[in-house]
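Q: Got a minute to walk through this one with me? I'd like to start with the ground rules and then get to the side chains.

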Amino acid sequence: MEEKNARFYGWSVVFASWLAVFCLFGYRATFAILKGPMAVTLGWTTAEVTLGYSLMMVVYAVAAYFSGMILDKWGTKPVYAVAAVFGALGFVLTARIDSHLAYLFTFGLLGGIATGMLWVTSTVSVRKWYIGKSYATMWGFAFAGGPMAQFVLAQVVKPTLSASQAKLDGAIRPLVEGGAALAPKQMALAVAAKLKDPAVLALPDVKSALQGLEHAWRYQMTILGVIVLIALVVAVLVAKQSPERYGLKPFGAIPAAPGIAAAAEVDWTVGEAFSKYAIWGGILTFLTSMMGEFLIWTQVVSYWTQDVGYNLKKATNIYALIGLVGIFSMPIMGKVADLVVQKVGLEAKGRKIMLLVGPATGVIACLLLLASPSGDIFAYIACVIFAIYWAIVPGGVVGYTGAIYGRKTLGKIWGLATMIVMGIGPFLGSYIGGWLKDFSGKYTYSIWFALCAFAVSILLASTLPLRAENRK
């Protein structure tokens with residue numbers, strides 16, 4: 001195959017992964033915006049709404065393992081096809097739920113199967129085409145689909161929800177005693193307290209506003225279902241098999257040092273791979289970062305609206321900044337990571353260095369979030385730092401794992417690792433965040449918990465080995 005066609009195939013894989021990541025993070029990003037209106041209109045607690053998200057992440061983890069097995073055997077197209085069907089159904093059917101059990105089935109189970117099909121497939125398919133000095137850069141382009149979803153889909157969902165939320169706030173504010181003298185934060189807390197009063201909820205104006213808000217989030221979920229279906233059908237059409245199927249080699253290999261033979265690809269069994277500390281070190285590093293990351297993704301908008309006093313529109317705009325900056329930070333930090341790899345001359349060492357830097361940025365971002373009550377500027381800077389963190393850690397762990405175990409059986413190894421990480425980290429992170437809020441009445445303690453999780457991740461990354469021996 002000509003060089004030009006080979007490059008085209010590689011970019012097709014990156015584009016398919018971009019679409020997959022766009023849909024995967026579309027599920028997660030829009031939940032942070034939708035969960036508040038859902039809780040208010042359905043009369044559920046924060047923990048009850050978050051439970052659906054936590055269940056989605058557990059199912060996601062299990063589905064991720066099987067997606068890796070399918071990927072190694074049949075390639076990416078069937079995995080993306082399954083995700084297209086379940087992803088659309090997850091949103092469209094959740095828009096029609098009337099009970100908590102139905103919500104857990106549609107958003108938790110169907111959404112979990114869909115998203116579980118996307119993460120391992122997108123990461124491993126890029127890793128199979130790009131290694132060494134090219135992997136992080138190309139994954140950065142693909143991973144930019146995540147922040148793009150966070151920014152674009154927030155703009156899709158926000159106008160209707162913000163208008164409906166403002167109408168509800170307008171119906172309740174006259175009921176707050178001394179409301180004219182309250183600061184925005186005190187008013188937000190007073191409105192939230194009034195929403196717990198059944199007598200207030202029965203008032204005609206409030207009831208009408210609640211119905212409007214409920215219609216808004218259900219309508220937005222239906223639109224999201226259509227977007228996911230179209231994007232993943234396109235991903236199925238442009239996805240490619242591994243480069244060896246076309247007689248090609250992966251791009252970006254680092255030449256072996258003089259006198260040292262290049263390492264051959266090894267067919268690791270799952271048992272052999274998981275008998276080494278390298279994979280467990282990567283899992284624990286990733287898991288603790290995921291606890292902090294998912295807690296932030298699911299709670300930060302509520303932290304700003306309830307603890308800091310921002311209105312929903314302002315909080316959503318600041319949250320969307322993570323996506324806007326991430327569109328650029330993903331490829332930029334990917335390039336930086338590849339330069340580090342080239343500088344140290346050993347891919348595993350370069351990826352390890354970046355896994356020390358990534359969680360450190362998470363700690364800094366949490367400290368800035370906690371300073372948000374002192375000034376809006378801290379919230380904005382925190383979002384920029386989170387966008388940098390986001391560009392380093394998830395793809396960095398895949399890169400480290402691929403550098404240790406190679407590409408041949410990476411799908412099943414990374415699939416099982418993802419099952420462990422995503423089955424525990426996001427569930428605990430988001431659920432503990434919701435529980436801490438319900439217990440303390442504030443989201444501030446949730447941010448402190450996330451900070452500690454990132455700090456533990458730094459310590460674990462420092463223990464990562466630079467190789468794993470296989471006796472074959």
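A: Sure, one term before anything else: buried means under 20% relative accessible area, exposed means over 50%, and partly exposed is in between, with a 1.4 Å probe and protein chains only. This is a predicted model, so local features need pLDDT of at least 70 and side-chain atom pairs count only at pLDDT 80 or more, while totals for chains, interfaces and linings use all residues. Residues are numbered from 1 along each chain as its sequence is written, and side-chain values use heavy atoms, with hydrogens and water left out.

Q: OK, is arginine 351 buried or exposed?
A: Arginine 351 is buried, at 2% relative accessibility.

Q: And which side chain does arginine 351 meet in a salt bridge?
A: Glutamate 347, at 3.0 Å from N to O. For a salt bridge, a side-chain nitrogen of Lys or Arg has to be within 4 Å of a carboxyl oxygen of Asp or Glu. Glutamate 347 counts as buried too, with 11% relative accessibility.

Q: Where do the two sit?
A: Both are in helix H13 (residues 347-370), four residues apart, which means about one helical turn between arginine 351 and glutamate 347. Helices here are DSSP runs of H or I with at least four residues, strands are runs of E with at least two, and the numbering goes from the N terminus. Salt bridges with shared partners also join Glu347 and Arg351 to Arg127 and Asp338 in one network.

Q: How many salt bridges does the count come to?
A: Eight, by that rule. Another one pairs glutamate 214 with arginine 218, at 2.8 Å from N to O. Those two are also four residues apart, about one turn of helix H9. Glutamate 214 is partly exposed at 22%, whereas arginine 218 is buried at 14%.

Q: What about arginine 407, what does it pair with?
A: Arginine 407 has a salt bridge to glutamate 244, and their closest N and O atoms are 2.5 Å apart. Arginine 407 is in the loop between helix H14 (376-405) and helix H15 (410-440), and glutamate 244 is in the loop between H9 and helix H10 (270-273), so the pair ties together parts 163 residues apart in sequence. Arginine 407 is buried at 8%, while glutamate 244 is partly exposed at 43%.

Q: Switching to rings: how many aromatic pairs are there?
A: The count is 30 aromatic pairs. Rings of Phe, Tyr and Trp (its six-membered ring) pair if their centres lie within 6.5 Å; planes under 30 degrees apart are stacked, over 60 edge-to-face, and the rest tilted. One cluster linked by ring pairs holds Tyr27, Phe31, Trp44, Tyr53, Phe91, Tyr103, Phe107 and Phe294.

Q: Which charged ends sit over rings?
A: Among them, arginine 127 sits over the ring of tyrosine 135, 5.1 Å from its centre, and lysine 240 over the ring of tyrosine 9, at 4.5 Å. The rule wants NZ of Lys or CZ of Arg within 6 Å of the ring centre and within 35 degrees of the ring normal.

Q: Last one: what does glutamine 165 touch?
A: Leaving out residues up to four places away in sequence, glutamine 165 touches Pro37, Leu213 and Leu312, where contact means heavy atoms within 4.5 Å. Glutamine 165 is in helix H6 (residues 145-172) and is buried, with 12% relative accessibility.
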